[in-house]
Structure formats: C-alpha cells, structure tokens
Amino acid sequence: MSKQSGRGRVVGLPEWDRCAVMGVVNVTPDSFSDGGRWFDTTAAVKHGLALVEEGADLVDVGGESTRPGATRVDEAEELKRVIPVVRGLASEGVTISVDTMRASVAAQALAAGASLVNDVSGGLADPAMIPVVADSGAPFVVMHWRGFLEGGNVKGVYADVVAEVVDELHTRVEAVLAGGIAPDRVVVDPGLGFSKDAEHDLVLLAHLDRLLTLGHPLLVAASRKRFLGRVLAGPESAPPPARERDAATAAVSALAAQAGAWAVRVHEVRATADAVRVARAVEGARAPDHAPETAHATEARTTDHAPGAATTSQAPTTAPTPRADSTSGAHTATRTPGTHSPEGDQ
C-alpha cells in the first residue's frame, strides 16, 4: 500500500494529506436516507456541487438503492439516472465515484468522467464487473458483502465478526487482483449495515486496525446508518430518523480518520469535513517535533540557568527501589480502550 499520512494512497485519484470526504448523491426515489430529494438530474448535479463547496473531496453517485428490501431497478433505468449526473459533475471538474453493481453502468460512468467504481458487492453481483474495471485501469472499492438484502436474506450470523469480515474481504481482494485490477487501485470497505446488526457494526469500528492489515486503503461508510440510530435511541426509545444522525456520523468520521481510514462516505459533508481536519491536526501534533517537553526536562533547564545555580544537575546515585506489589508479585492486567474480549467479538 502506497503510504500517504499513514492511510494509503489510491493511484488514479488525487492525494490528500488527511482522511478524504466522499459526499453522497443518491439519484433514487427510495434511498433509506434521502430518497427522492435529488432524483432530478439538475437537482442532483446542483447537490453534488454543493457537497464540494461544503468540503467533499469526491462525490459518489448512485442510481440504485441498496437498503434492506429494496427492489433492483433495471439496467436502462439505472443508466438513465446515473450517467447524466456523472457527466454534469465531471464537466465541473468534480472527482466522481460511481456507486453501482452493474458492469455496464460502471463502464459508461467511467467514459462519462467518473474516476472510481464503488461496488457494494465487490464484483460478485455482475461477473463482468472486474474485467471492465481492470481494462479501464480505474480504482475499485471492494466491500464486504454476503448477498442482496432481500426477503430476509441478511446472513448476519458471525462467530467472530472482525475475523470473518477480514477473511472474507481478503478472499475477495485476491479474486479482484487475479482478475487484473492493480493492487494500488484497490480500496476495502467493511460494509457496515450490510448483513450486520448494530453490535457487529460497532465492533468493526472498534477494530479498524485489523482491516488495515489487509494492506489496502480503507473506506468507512457509516453515514446515517441504522446502528447509529440504535446508539442514539438507547434501549427504550425509537431510533431518530436518518437525517437526525449527522452529528453521530461526524463523530464516527473523526474516529475513522484517527484510526487511519483513507476516506469516509457521508450524506452531510460540512460537519465531517471539519471532523477529519481536526483529526489530522491532532495527528500532526503527535509528531516528534511537536512533542511537549516533560516537566522534568523543563525543571532541569530552569535550574541550570537560575542565578547562582550549578551548571550541572545532580543525578541520584542509586535508583529508587520498586514498591512491592501487595498481591505477592501478581500484576493487574490492563485493557487497551476500544478492544474487546473474545466474548465481546462474538
């Protein structure tokens, strides 16, 4: 993985010195989050440009809802929805991702100016997808996917969700590479909300470092998803509507950026654009040349330069004796924040 600020770089796309922000334009009447709001081509293009104004680095255009229970649109309808919007945004210089599971839509979107193919099935829904993307040389997002979310076909049973998602993504990435897509053009996505319940999503977010071991830049798409509604509602209340989950989304964006994600995919851009920039500033402050002096070092220098002070500090001649543990040599184990016991992962 080509390194850029520790989170990887995707060849064929611009470089960012922080976690990138991918804004969402759903050209659909039935998206779970904002279905119908940008269904008209002119409105969709205008919305995409507004997202860029608010801080989006690239815009993800999709013409087919992937919410649970959604009915697939036919190829002609998806092309009718997506291609004019891609063409309109590309004419304005926007970096575009096309969100599709169809090779024909991917091919025409790339020809119209898209730069990235974001396939939630990772190429499983259409066998022609991998050859099309490989021939184009475009970058490709491989998401963890266990099938269409229709008729209860969720398959959300895991013994260890982190290990299984990593293993299944690894298998899919190997297939994509074997199909001719270059390693430096592959992005991975844990597929939050796809065949996963709220606990699974949270555990995956707590272990993004494990997903980074796959060796490819990481896209995190948590925006307005059901698990955030469950977190905000608590055990007794109904989850808030999708459009009332943007503050929670921005919180996840900051956490993902801090963990090393290459990009986050969001519906409301401004708060997330601020969040990833703050995360980058904190990351920069951790650099060795920004490390604050220890109190001991400051005190020693002050003493050395005080009027009448000796020019050298006096070091203790013996090291302090370690305090004996009151539990007869036993030590107390510590847990790193964000980690889970094996039971918690299951």
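A residue counts as buried when its relative accessible area is under 20%. In this predicted model, Arg-81 has a relative accessible area of 9%, so Arg-81 is buried.

**Helix α2**

Arg-81 sits in helix α2, which spans residues 75-90. Two polar partners of its side chain can be named. One is the backbone oxygen of Gly-63, 2.8 Å from a polar atom of the Arg-81 side chain. The other is the side chain of Glu-77, with which the Arg-81 side chain makes a polar contact at 2.9 Å.

Leu-79 also belongs to helix α2. Its relative accessibility is 15%, and therefore Leu-79 counts as buried. Gly-63 appears again here: its C-alpha is 7.7 Å from that of Leu-79, although 16 residues separate the two in sequence. Once neighbours within four places in sequence are left aside, Leu-79 is in contact with Pro-84, Ser-104, Val-105 and Gln-108.

The distances given for this helix are collected below.

| Pair | Distance |
|---|---|
| Arg-81 side chain (polar atom) and Gly-63 backbone oxygen | 2.8 Å |
| Arg-81 side chain and Glu-77 side chain | 2.9 Å |
| Leu-79 C-alpha and Gly-63 C-alpha | 7.7 Å |

**Helix α4**

Helix α4 covers residues 129-136, and Met-129, Ile-130 and Val-133 are buried in it. Viewed down the axis of α4, its buried residues fall within an arc of 90°, so they line one face of the helix. An α-helix has 3.6 residues a turn, so residues three or four places apart point the same way. The buried residues of α4 pack against two helices, α3 (103-112) and α5 (161-178), and against β4 (116-119) and β5 (140-143). After α4 comes Gly-137, which has a positive phi, near 80°.

**Nonpolar cores**

In soluble globular proteins, nonpolar side chains tend to be buried together. The largest nonpolar core here has 67 residues, and the residues with the most contacts inside it are Val-61, Val-86, Leu-89, Val-117, Phe-140, Leu-211 and Val-220. Helix α5 gives the most to this core, with seven residues. A second, separate core has 12 residues, among them Val-10, Val-141, Val-187 and Trp-262.

Val-117 is one of the residues with the most contacts inside the largest core. Not counting residues up to four places away in sequence, Val-117 touches Val-98, Ala-106, Leu-110, Met-129, Val-133, Pro-139, Phe-140 and Val-141. Of these partners, Met-129 and Val-133 are buried residues of helix α4.

Notes:
Residues are numbered from 1 along each chain as its sequence is written. This is a predicted model: local features need pLDDT of at least 70, side-chain atom pairs count only at pLDDT 80 or more; totals for chains, interfaces and linings use all residues. Side-chain values use heavy atoms; hydrogens and water are left out. Helices (H or I, at least four residues) and strands (E, at least two) are DSSP runs, numbered from the N terminus. Buried means under 20% relative accessible area, exposed over 50%, partly exposed in between (1.4 Å probe, protein chains only). A polar contact is a pair of N or O atoms within 3.5 Å; within protein, one must be able to donate a hydrogen and the other to accept it, and residues adjacent in sequence count only if both atoms are side-chain atoms. The arc is that of the directions from the helix axis to the C-beta atoms. Contact means heavy atoms within 4.5 Å. A nonpolar core is a set of buried Ala, Val, Leu, Ile, Met, Phe, Trp, Tyr and Cys residues joined through side-chain atoms within 4.5 Å.
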